[in-house]
Amino acid sequence: MDEPIISVENLTVELGGNPVLRELTLTVSPGEIVAVVGPNGSGKSTLLRTLAGLQPASGGEVRVFGAPPADDAAFWRGVAHLGDEPAWYPGLTAGEHLELMAAVHPRARMDVGTALEVFALVERADAAPLNLSTGQRQRLALAATLLRPSRVLLLDEPERGLDLGFRLRLAELLAAYRDEGGTVVMATHDSGLAAHGRLISPVGMAA
Ligand SMILES: Nc1ncnc2c1ncn2[C@@H]1O[C@H](COP(=O)(O)OP(=O)(O)OP(=O)(O)O)[C@@H](O)[C@H]1O
C-alpha cells in the first residue's frame with residue numbers, strides 16, 4: 001500500500017473549552033476521495049481546518065505529506081483548501097481573479113478560458129464576484145481552487161449554492177482530479193457527492 005498522504009492519530013481539538021474532535025484517527029491514501037459526513041456541528045469543518053493547519057490540535061498528531069501541516073509556501077503549494085467564501089479583490093472581475101491565479105501558478109491545471117467554460121462562467125467573466133449569484137460565486141471559488149496545481153484538495157461543503165446539474169459536474173471534476181493522482185477530503189451534506197468517496201464521520205458513528 002502507498003504511504004498515507006494524510007495521517008491523523010488520536011486527534012483531539014477543543015474549541016472554546018469544549019472537545020469538538022475526540023481521539024480521531026484517519027488515514028488517507030494518495031488518490032483517494034474521502035467524504036466527511038455528519039450532522040451540523042459534528043466537527044467536519046474543524047477537521048478540515050486542522051488538516052490545513054489552520055486550527056491547532058489540542059492533542060494527537062496530524063501529518064500531511066509526512067509532516068505536521070505548516071503555514072509555509074511548500075505546504076500550500078501542495079494543498080488547496082476551500083472553506084468559507086474567499087475574500088474577493090475589489091475592482092477585479094471574475095475572469096481577472098482566475099487570471100491572477102493562473103499568473104502566480106505557471107503550471108496551472110487549466111487555462112483561464114477552459115476554467116470559465118468548465119465552471120459555466122463565460123457569460124459572467126466580466127462581472128465583479130459580488131455581482132454574481134451565490135452559486136456562480138461558489139463556482140468561481142471552485143474554479144480558482146481547481147485551477148491551481150495541488151496534490152491534496154480540502155473542500156468544505158463544495159456543493160454550497162450549486163444547482164443539481166453542477167453538483168453532478170463537480171463529482172466528475174473531483175473524479176478527474178483523483179484520476180490525475182490527486183487526493184480529496186471534503187465535508188459534504190450532499191449524499192450524491194459523498195457517494196463518490198469513502199465516507200467517514202468525525203463523531204465516529206457509522207457514516
Ligand atoms: N470558534 C469557535 N468557538 C467555540 N466553538 C466553536 C467554534 N467554532 C465552531 N465551534 C463549535 O464546534 C463544533 C463543530 O463545528 P464545525 O463547524 O466543525 O461543525 P460542522 O460539522 O462543520 O457543522 P456544519 O455541518 O454546520 O457545517 C460545533 O458545536 C460548533 O458550535
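Ala, Val, Leu, Ile, Met, Phe, Trp, Tyr, Cys and Pro go down as nonpolar, Asp, Glu, Lys and Arg as charged, and the others, Gly among them, as polar. With that split, I sorted the shell around the ligand and got three nonpolar, eight polar and two charged residues.

Ground rules: I'm on a predicted model, where local features need pLDDT of at least 70, side-chain atom pairs count only at pLDDT 80 or more, and totals for chains, interfaces and linings use all residues. Numbering runs from 1 along each chain as its sequence is written, and side-chain values use heavy atoms, with hydrogens and water left out.

Which residues come nearest to the ligand? I found Gly-41, Lys-44, Ser-45, Thr-46 and His-189, out of 13 around the ligand (near: a heavy atom within 4 Å).

Next I looked up polar contacts to ligand oxygen atoms (a pair of N or O atoms within 3.5 Å). A polar side-chain atom of Lys-44 sits at 2.7 Å. Polar backbone atoms do the rest of my list: Gly-41 at 2.8 Å and Gly-43 at 3.0 Å. The ligand has 640 Å² of accessible area on its own, and the protein covers 55% of that (Shrake-Rupley, 1.4 Å probe).

Then helix α1, residues 44-51 (a DSSP run of H or I, at least four residues, numbered from the N terminus). α1 gives the largest share of the ligand shell, three residues. Is α1 mostly covered or mostly open? Mostly covered: six of its eight residues are buried (under 20% relative accessible area, 1.4 Å probe, protein chains only). I listed Lys-44, Thr-46, Leu-47, Leu-48, Thr-50 and Leu-51 as buried. Just after α1, Gly-53 has a positive phi of about 75°.

How values were computed
A polar contact is a pair of N or O atoms within 3.5 Å; within protein, one must be able to donate a hydrogen and the other to accept it, and residues adjacent in sequence count only if both atoms are side-chain atoms. Helices (H or I, at least four residues) and strands (E, at least two) are DSSP runs, numbered from the N terminus. Buried means under 20% relative accessible area, exposed over 50%, partly exposed in between (1.4 Å probe, protein chains only).
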